[in-house]
Amino acid sequence: PNPPSDVPRFKQRPPVVLDQEMAGNVLRVLKTEIDEADAERYVGMDGIGYVLRHGDKCATAWSPEPGTRAHKIVGLVHVLNQLSTEKAEKGEALQRNVVQLISELDVDRREVRN
């Protein structure tokens, strides 16, 4: 009933609901990027490493440079995390960020194929 004071407490917020099209696009982009990851694995002693998984596939990014696809993918995951923890009034701006990042990743993918 009364947890010790050193136990972390989390604020519960109502879930942010993504419309079906946006949710489908998020899954499509992340699945594609993870399934088609082809960079050499890099592990360093400094920076931040990210591991993304989908099914039995895995992709990693190590301190991605701004402007790269890896940076945009990590940014998308961060925005999704913010959507799950922020107050509803910030949700609209964060959803616009999701749409923007998905659009940029789609454009990047089309440029890579050409």
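The exercises below, each with a worked solution, concern a predicted model of a protein chain.

**Exercise 1. The layout of the chain**

Determine how many helices and strands the protein chain has, and which pattern they follow along the sequence.

Solution. Counting the elements gives three helices and two strands. Reading these elements along the sequence then gives the pattern α-β-β-α-α. Two further values complete the outline: buried residues make up 25% of the 114 residues in the chain, and, of the contacts between residues at least 6 apart in sequence, 50% join residues that are at least 24 apart.

**Exercise 2. The packing of helix 1 and helix 2**

Describe how helix 1 and helix 2 cross, and state which residues make the contact.

Solution. Two packed helices are described by the angle between their axes together with the distance between those axes. For helix 1, residues 20-35, and helix 2, residues 69-85, the axes come within 12 Å and cross at roughly 140°. To classify this angle, recall that values over 145 degrees count as roughly antiparallel and those from 65 to 115 as roughly perpendicular, with oblique left for the rest; helix 1 and helix 2 are therefore oblique to each other. The handedness of their crossing is left-handed. On the side of helix 1, the contact is made by Val26, Val29, Leu30 and Glu33, while helix 2 contributes Arg69, Ile73, Leu76, Val77 and Leu80. Sorted by character, the residues of this contact comprise seven nonpolar and two charged ones, with no polar residue among them.

**Exercise 3. The surroundings of Glu33**

Establish whether Glu33 is buried or exposed, and which residues pair with Glu33 in salt bridges.

Solution. Begin with the location, which is helix 1. The relative accessible area of Glu33 is 9%, and because buried means under 20%, this residue counts as buried. Beyond its neighbours within four places in sequence, Glu33 is in contact with Arg69, Ile73, Leu105 and Arg109.

Next, take the salt bridges, of which the structure holds eight. One of them joins Arg69 to Glu33, with the closest N and O atoms 2.9 Å apart. Since Arg69 lies in helix 2 and Glu33 in helix 1, this pair ties together parts that are 36 residues apart in sequence. Arg69, at 26% relative accessibility, counts as partly exposed.

A further salt bridge is formed by the side chains of Arg109 and Glu33, at 3.2 Å from N to O. This pair links distant parts of the chain, with Arg109 in helix 3 (residues 88-113) and Glu33 in helix 1, 76 residues apart. Both Arg109 and Glu33 are buried. As a last step, the pairs can be placed in a wider setting: Glu33, Glu36, Arg69 and Arg109 are linked in a network of salt bridges.

**Exercise 4. A salt bridge within helix 3**

Work out how far apart the closest N and O atoms of Arg96 and Glu92 are, and how the two residues are placed in helix 3.

Solution. The closest N and O atoms of the salt bridge between Arg96 and Glu92 are 3.5 Å apart. Because Arg96 and Glu92 are four residues apart in helix 3, about one helical turn separates them. Arg96 and Glu92 are both exposed.

**Exercise 5. The backbone at Ser63**

Find the sign of phi at Ser63, and locate this residue in the chain.

Solution. Phi of Ser63 is near 40°, which is a positive value in a residue other than glycine. Ser63 is found in the loop between strand 2 (57-62) and helix 2. At 31% relative accessibility, Ser63 counts as partly exposed.

Methods:
Residues numbered from 1 in each chain as written. Predicted model: local features only at pLDDT ≥ 70, side-chain atom pairs only at ≥ 80, totals over all residues. Heavy atoms only, no water. Axes fitted to C-alpha atoms, helices over the stretch in contact; angles between N-to-C directions. Parallel < 35°, antiparallel > 145°, perpendicular 65-115°, else oblique. Left-handed = near helix turned anticlockwise from the far one by under 90°. Contact = heavy atoms within 4.5 Å. Nonpolar A, V, L, I, M, F, W, Y, C, P; charged D, E, K, R; others polar. Salt bridge = Lys/Arg side-chain N within 4 Å of Asp/Glu carboxyl O. Buried < 20%, exposed > 50% of the residue type's maximum accessible area, 1.4 Å probe, protein only.
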